[in-house]
Every structure is written in C-alpha cells, then in structure tokens.
Amino acid sequence: MEHHFVYPRKGAGRPQILLIGNGLEYSSGQKSWSELLDRLTVADAISLTKEQRDAIPFPMLYQLLSTHAPAPSSLTAQQIREEEQRLAEGISALNHASNALLDALPGLDADHIMTTNYSYCLEKAFFPRLDFTKSSARTRKRLRLGGADGKKEINYKLHSCYLAKSGSRRTGLWHIHGECAVPKGIVLSHDRYGRLLQRIEDVCSHQHYPGKADQILMKEFTSWPELFLYGDVYILGLGMEFNEFDLWWLLRRKQREQYADGRIYFYERRPEEGFQSSKHLMLQANGVTLCGAGCTEQDSYDTFYAAALEDISKRIREAR
C-alpha cells in the first residue's frame, strides 16, 4: 500500500477536500460549543453577562472562564496541569456517533476530509465497527506522513491522518484542531490557536521547488496545510467565525501562493438580504466563492445539507 499522497500540482486531478464543522454533528446529539464551554468553566471564574460573553471571541472566552478569579499574574505548573485535566474530562463527554449526513461522506469520492471537530463521529461513518476512542483502532488506521525534522508529532498532528476510502479513492481524515484522544493537542484556547498557526506557517514557508517550478507537474503532499493550499476546498457546517484565525490566515496564504491552485467554496443557506454580512464580505475578499446550493434561510438545515453535498459531489466530479 502506498503511504503517501501524490496529485497534480495544478489543473485537473488536484486534491478535492471537504472541510466540515460542528454543524454536521448536531443530529448525532453532539454538544454545542456553549455546552462544552460550560463544562470547562471553573466555579470561581469571573462573572460575565450574556452580552459580554457574546462579544468575546470563543478562544479568549474559554481562557477567561477556565481561569480562577482573581487571576494570578503567573500560573503555576500545578494550575496548568489542572486546566489540562479539566479539558481532558470535558471533551470526554463528546458523542462519537455517526448520522445520515456523515454516512453520506464515504460515497462523496473526496480525496480528503478535514474537520475542526474533536470527536470521532467522522470516523464512525467510515469505520462503523471500530471504536476510535481506543488506541488500537487509532493505531490501526493512523497514517503518519512525516513531521518537523522527521520527528514524530505528539500533540499538533499536521502530518498525520486516518486512512480511509471514499468510493474507490484513498481518503485522508484529518482533525485539524485536534482530537479527543490527544487533549494537549486540542485547539480551543487563544494560546493553542497561536501555537498551531506557528506550525502551519512553518509548513507553508517550506514550499520549495528545485529548478523551474512551472515544469513540476506532480507533488507529494505530507500535511493538511499543503493540501489546503493546493486543492479545491469545500467548507460545510463550519461557521468560519473570525476567531478561526488559523483558517483565515490560510485563506490569504492560498491567495498569495504563486505555485498553488484550487478554489475555496463556502456553503451556507443564503440570507434574505444576500451574502452581505461582514463575514461574507471578508470571505469574498479572501478569494472564497459563496454557495447557497439553491437554499435560503427559509429552508431546513436537512434540506440545505443534502443540496450542498449534491453540489459538492458534482463539483468534485467536474474537477477530476
């Protein structure tokens, strides 16, 4: 079995990537971000009004509510360990069940599926008989494609995915913000977003081509940030709020990559006023194509997701 991914660097055959968020897990009974945050809040955290909570970006809100008040000027090693333990216990309550939407993904024929979710709902859709909360299942399906200086990645797994199949294709399943089994790699706080972005930038800055780059037709991909730069990415069930600053950084980086290819498609039910919010305008400014899949906010999410997956499937086939 080949243990690498090779695709044309440009043109037909480039990587086809689905990026999903928590929206595709709600029908599995998944916890919302607010419910997860409530589990991670310490009893003596600073008190906030609803308006204050709504105004603070989620990664910073987590850091605020997971810190005892009054906050010390410096956290002790014991306090850091206690926070990490609370996080590990909090994410252990996540569900790992598939649903009708996720069950459709193995037939999508995508080259890769990336998720910001920490649960193993995605894996359950591809491997219904395996329990990915157990290390034996993860080890069996884990594909390691390298890492910084060839070292094994411990927490932030940019070069590691689970190997599955979508149709007849080998498909990588990537947890780009961490997974339940590795609490220290969960990207939730502002601090960990920063650590992740540092690693992403390092991967992107090492895109080198010997000789004339235009003559290099095929490329071996060893990380999800590389795939993001060079492939077509279809975003579904992910709000792309401004606090996802690692993904916003990648959007702009993709625009500036002179040797890369591919488009970004963001799927959302079309608002009555059209795609005119500040987020929509920012997405368009970063080269993203906004797609309603023929649905408006009057349509149910089930109707929208079904239409979106059909449209994504069509675009993937055309890109082959």
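Let's start in helix α8, which covers residues 190-204. Arg-195 and Asp-191 sit four residues apart there, so about one helical turn separates them. Their side chains form a salt bridge, and the closest N and O atoms are 2.9 Å apart. How exposed is each partner, as relative accessible area? Arg-195 comes out partly exposed at 41%, and Asp-191 is partly exposed too, at 39%. Oh, and keep in mind as I go that this is a predicted model.

Now hop over to helix α12, residues 301-319. Here we've got Asp-311 and Arg-315, again four residues apart, so there's about one helical turn between them. They form a salt bridge, with the closest N and O atoms at 2.9 Å. Both are partly exposed: Asp-311 has 22% relative accessibility, and Arg-315 has a relative accessible area of 25%.

Those two pairs each stay inside one helix. The next pair doesn't: Asp-38 is in helix α1, residues 33-40, while Arg-53 is in helix α2, residues 50-55. Their side chains meet in a salt bridge, 3.5 Å from N to O. The two residues are 15 apart in sequence, so this pair ties together separate parts of the chain. As for the surface, Asp-38 is partly exposed with a relative accessible area of 48%, and Arg-53 also counts as partly exposed, at 26%.

If you're wondering about the background, side chains of opposite charge can pair when their charged atoms come close. How many salt bridges does the model have? The count comes to 14. And there's a network to look at as well: Asp-109, Asp-111, Arg-169 and Arg-320 are linked by salt bridges.

Okay, now for a charged residue that does something else. Find Glu-153, in the loop between β4, residues 142-144, and β5, residues 160-166. Glu-153 is buried, and yet it has no salt bridge. Which side chain of opposite charge is nearest to Glu-153, and how far away is it? It's Lys-157, at 6.3 Å. A salt bridge needs the nitrogen and the carboxyl oxygen within 4 Å, so Lys-157, at 6.3 Å, doesn't make the cut.

So what does the Glu-153 side chain reach? One target is the backbone nitrogen of His-159, at 2.8 Å. Another backbone nitrogen, the one on Leu-158, lies 3.0 Å from a polar atom of the Glu-153 side chain. If you zoom in on that loop, those are the two distances to look for.

Let's zoom out for the overall picture. The protein chain has 12 helices and 10 strands. Take its C-alpha atoms along the principal axes, and they fill a box of roughly 60 × 50 × 40 Å. For 320 residues, a compact globule would have a radius of gyration near 20 Å, and this chain has 20 Å, so the two agree.

How much of the chain is buried? Of the 320 residues, 49% count as buried. The accessible surface comes to about 15,400 Å², and carbon and sulfur atoms contribute 49% of that. Then there's the question of who touches whom along the chain. Looking at contacts with a separation of 6 or more, 72% are between residues 24 or more positions apart.

Last stop: a few backbone spots worth clicking on. Where is the cis peptide bond I want to show you? It runs from Ala-69 to Pro-70, with omega near 0°. Pro-70 itself is in the loop between α3, residues 58-65, and α4, residues 77-91.

Then there are two residues other than glycine with a positive phi. For Met-240, phi is near 50°. You'll find Met-240 in the loop between β8, residues 232-236, and α10, residues 245-256. Is Met-240 buried or exposed? Buried, with 1% relative accessibility.

The other one is Ala-293, where phi is near 55°. Ala-293 is in the loop between β10, residues 288-291, and α12. That's the helix we met earlier, with the Asp-311 and Arg-315 pair. Ala-293 is partly exposed, with a relative accessible area of 21%. The cut-off for buried is under 20%, so Ala-293 falls on the partly exposed side of it.

Methods: Residues are numbered from 1 along each chain as its sequence is written. This is a predicted model: local features need pLDDT of at least 70, side-chain atom pairs count only at pLDDT 80 or more; totals for chains, interfaces and linings use all residues. Side-chain values use heavy atoms; hydrogens and water are left out. Buried means under 20% relative accessible area, exposed over 50%, partly exposed in between (1.4 Å probe, protein chains only). Lys and Arg count as positive and Asp and Glu as negative; His and the chain ends are not counted. A polar contact is a pair of N or O atoms within 3.5 Å; within protein, one must be able to donate a hydrogen and the other to accept it, and residues adjacent in sequence count only if both atoms are side-chain atoms. The radius of gyration is taken over C-alpha atoms; the globule rule is 2.2 Å times the number of residues to the power 0.38. Contact means heavy atoms within 4.5 Å. Accessible areas come from the Shrake-Rupley method with a 1.4 Å probe; for residues, only the protein chains shown count as cover.
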